[in-house]
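Reader: Could you walk me through this structure slowly, since I am new to reading models?

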Amino acid sequence: LPPRESLNDLFEKPVLTRDDRMRLVSGHSASGCGGERTVCACFRISEYAIRQAVGQGLGSVEDIGRQLGAGSNCGSCLPELEALLRQSPDQGQ
């Protein structure tokens with residue numbers, strides 16, 4: 001999810017735009033990507049969203065691709081996804 005303050009802004013709107021909905025499902029804030037860099041350019045998936053998903057139990061690049069889409073299109077972010085998985089506390093580091 002985007003940062004809490006970004007979610008609060010969305011709840012104050014009477015109607016969400018298409019861009020608002022896309023940012024919400026991709027883990028981006030209204031300002032772009034919640035202060036985090038984008039890892040998957042194809043689907044605009046932030047490092048924050050990937051770290052959150054890994055923290056919730058996704059343990060492989062394939063899991064990330066199924067859940068978030070990251071790494072499932074052009075594949076240029078696969079090395080970064082693997083590095084994020086290795087950095088996860090659940091992976092022993």
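Author: We can go through the cysteines, then one loop residue, then one helix residue. This is a predicted model, in which local features need pLDDT of at least 70 and side-chain atom pairs count only at pLDDT 80 or more, while totals for chains, interfaces and linings use all residues. Residues are numbered from 1 along each chain as its sequence is written, and side-chain values use heavy atoms, with hydrogens and water left out.

Reader: Okay, how many disulfides does a search of the whole structure find?

Author: The search finds zero disulfides, a disulfide being a pair of cysteine sulfur atoms within 2.5 Å.

Reader: Why is there no bond for C42?

Author: The closest cysteine sulfur to that of C42 belongs to C74, and at 3.6 Å it is too far for a bond.

Reader: And are C42 and C74 buried or exposed?

Author: C42 is partly exposed at 36% relative accessibility, whereas C74 is exposed at 54%; buried means under 20% relative accessible area, exposed over 50%, and partly exposed in between, using a 1.4 Å probe and protein chains only.

Reader: Switching topic, where does R44 lie?

Author: R44 lies in the loop between β1 (38-40) and β2 (45-46), where strands are DSSP runs of E with at least two residues and helices are runs of H or I with at least four, numbered from the N terminus. The phi of R44 is near 55°, a positive value in a residue other than glycine.

Reader: What does the side chain of E47 make a polar contact with?

Author: Its partner is the side chain of R51, at 2.7 Å; a polar contact is a pair of N or O atoms within 3.5 Å, where within protein one must be able to donate a hydrogen and the other to accept it, and residues adjacent in sequence count only if both atoms are side-chain atoms. E47 lies in helix α3 (residues 47-55) and is buried at 10% relative accessibility.
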